[in-house]
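User: Hello! I am new to this structure and would like to walk through it with you, one question at a time.

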Amino acid sequence: MPPVVKSFGERIADALVEDGLLTTKQVDDLLELQKKEGTRLLKLVIEKAYVTDQDMAVSMGRVLNTPPVNLARINILPEIADLLPREVAHNFKVVPVSRLENKLFLAMADPLNVLALDDVKRLTRMEIMPMIAPEKSIIDKLNNIDAAKSGSMEDIIMDVQKQADDPDADNLEVAKVAMEEVNLDQLAASSEEAPVIKLANLILVQAIKDRASDIHIEPFEKMIRLRYRVDGSLIDVTPPPKQMQLALASRLKIMSCLDIAERRLPQDGRMRVKVGGKDYDLRVSFLPTVHGEKAVLRVLDKSNLSASIDKLGLDPDTFQQFKAAVDAPHGLLLVTGPTGSGKTTTLYSALNELNNPTYNIVTVEDPVEFQVPGINQVPVKKEIGLTFGNALRSILRQDPDIVMIGEIRDTETAEIAVEAALTGHQVLSTMHCNDAPGAIARLDDMGIAPFLISSSVILACAQRLMRRICTHCKEPVTYSEKMYQDLTIDPSMFDGVTLYRGRGCERCKNSGYAGRLAIIEAMTVSDDIRKLIIARANTREMGKVAIGQGMRTLRMVALDRVKDGISTLEQVLVLTSAH
């Protein structure tokens, strides 16, 4: 009998098992999943987060007989990086590491890419010695090289200060005169000057590299403050000089197709940029303040959208409830939480699950955050009378199967949403309240009759984003008695469990955290809950019944994530309240 020839992915999986990074059962499960989904085995290993990118690179290198390289620890000289055109390096996901006579050591995400090897050899006229590194590490290193070449924020600021004619340009009186008597032609010209373009580009690139969700540019009397929101927390970064305020604002407006002459009224726009080969949409908002215009840019990264709800990381009970509501033929599904808690991202994950040619899916949003092929998306424009209510009325005449409402914020929108859910449509929406039972009370406060609420709502969820411990500086921690008292929990629930925290390192900018995950509390509207809705019971009573029927509160889910070693008790204290 001839020997069984294993695929490349199976050989890598065997190496991971030999290295103690995968179990035989995990490999068998992955092979079964591969047969069902038709996805590459190595892609499934990464998606399931069984091994890190670097560990995968080491095992792949062993199978391919190619040495691995940790790019994060290597300082690549500019003359080595310049051996290869930047667009070629980004296209093939390669980066030159070092040179020895006529040999070029090249870090590659895919050392089997013969086309890349031939092209690099032709361009450099050198013998190529391939090394293996994770794709993300290569992209990060290339971005670092690009940023270093374009100059640092400090370099640009020094250039601008050298060019400044008036050393007192940041004087308040001078600034006032300049604000009132600015020449628009000069302003447009100054916004196209090299230092301003470099500065605007650097602010955007650095924010994306730092995984920022928002960029805040805030003018004050004698300074500008620049802050990035990373994993929910605002972090100060090196600000541009005050004299660049007008030119920088104008440059961002030009990039967002806004009016540079209008500085007295708020303006909203969008822009799209490409960083590291990936497209990013940015939602831009300008707000006039006493010292100039404050700009906030929200970074919308489509890679954050899950392909389906099973990638959201829900616990099994919550997943079953959420899945049942998404698969229901009609009804209202509500996701609640504060601004920036990932509600819209969760709804888009549900829409991705439902997005197929057999459904007519229409959304109405203010504004449209993510553009998704196959879904009809309507942006609200209040200035011309296109409100949530008006848009929804028209949408219901368009024969929709599934309707997503960006947010239910008034009685008119709530009434139409409930009416649509009762007339055979599946409706998904967000609301602002603190917990799942609170969504029912919010609808009642808006004047929706209890019998309509009980008949239309099938699931109410509350969501928060919990910070993950940085895996590079993760260490065990012992908490004081006071922490458990503040949380009103019994320390014995962690008996036999090792708790962790992030010590703080260069990769997480000494915060101890890197990334966030969603925690969701889901309340299915059962017959018992319906009776309480009709009786207008308070949210506490409704919550007790829901917990008795299996609902896991935000605090319960958050504590599970602490037990799993993913997050910390401090995050539980910040994000959740005792029920």
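Analyst: Happy to help! One definition to begin with: two strands pair if DSSP finds at least two bridges between them. Please keep in mind that this is a predicted model.

User: With that in mind, over how many bridges do S10 and S15 pair?

Analyst: Strand S10 covers residues 331–336, and strand S15 covers residues 457–469. The two run in the parallel sense. Pairing needs at least two bridges, and for S10 and S15 the number is five.

User: Which residue in S15 stands opposite leucine 334?

Analyst: S15 is the partner of S10 in a parallel pairing. Across from leucine 334, the residue in S15 is alanine 460.

User: Which are the edge strands of the sheet of seven strands?

Analyst: This open sheet has mixed pairing and the order S12-S11-S13-S14-S10-S15-S18. Its neighbouring strands are turned against each other by 20° on average, direction ignored. An edge strand pairs on one side only, and that description fits strand S12 (376–379) and strand S18 (513–524).

User: There is also an open sheet of three strands; by what angle are its neighbouring strands turned against each other on average?

Analyst: Here the order is S1-S2-S3, again an open sheet with mixed pairing. Strand S1 (94–100) and strand S3 (127–132) are at the edges, each pairing on one side only. With direction ignored, the average turn between neighbouring strands of this sheet is 30°.

User: Which residue in S2 stands opposite valine 94?

Analyst: S1 and strand S2 (residues 103–108) are joined by six bridges and pair in the antiparallel sense. Opposite valine 94, the residue in S2 is methionine 108.

User: Are H21 and H22 roughly parallel or roughly antiparallel to each other?

Analyst: Helix H21 spans residues 527–534 and helix H22 spans residues 539–548. Their axes come within 10 Å and cross at roughly 175°. Angles over 145 degrees count as roughly antiparallel, so the two helices are roughly antiparallel.

User: How many charged residues does the contact of H21 with H22 have?

Analyst: H21 contributes Asp528, Ile529, Leu532 and Ile533, while H22 contributes Glu541, Met542, Val545 and Ala546. Sorted by class, six are nonpolar and none is polar. The number of charged residues is two.

User: Which element supplies the largest share of the lining of the largest cavity?

Analyst: The model has two cavities of 30 Å³ or more, and the largest has a volume of about 60 Å³. Its lining includes Ile217, Leu248, Phe286 and Ala295, and by class it divides into eight nonpolar, one polar and one charged residue. Strand S4 (212–219), helix H13 (245–255) and strand S9 (292–300) each supply at least two lining residues. The largest share, four residues, comes from H13.

Methods:
Residues are numbered from 1 along each chain as its sequence is written. This is a predicted model: local features need pLDDT of at least 70, side-chain atom pairs count only at pLDDT 80 or more; totals for chains, interfaces and linings use all residues. Side-chain values use heavy atoms; hydrogens and water are left out. Axes are lines fitted to C-alpha atoms, for helices over the stretch in contact, and angles run from 0 to 180 degrees between N-to-C directions. Angles under 35 degrees count as roughly parallel, over 145 as roughly antiparallel, 65 to 115 as roughly perpendicular and the rest as oblique. Contact means heavy atoms within 4.5 Å. Ala, Val, Leu, Ile, Met, Phe, Trp, Tyr, Cys and Pro count as nonpolar, Asp, Glu, Lys and Arg as charged, and the others, Gly among them, as polar. On a 1 Å grid over the protein atoms alone, a cavity is a set of points where a 1.4 Å probe fits but cannot get out, and a pocket is an open set with protein on both sides within 12 Å along at least five of seven lines; lining residues have an atom within 4 Å of a point. Grid points are joined across faces, edges and corners, and a volume is the space filled by probe spheres set on the points.
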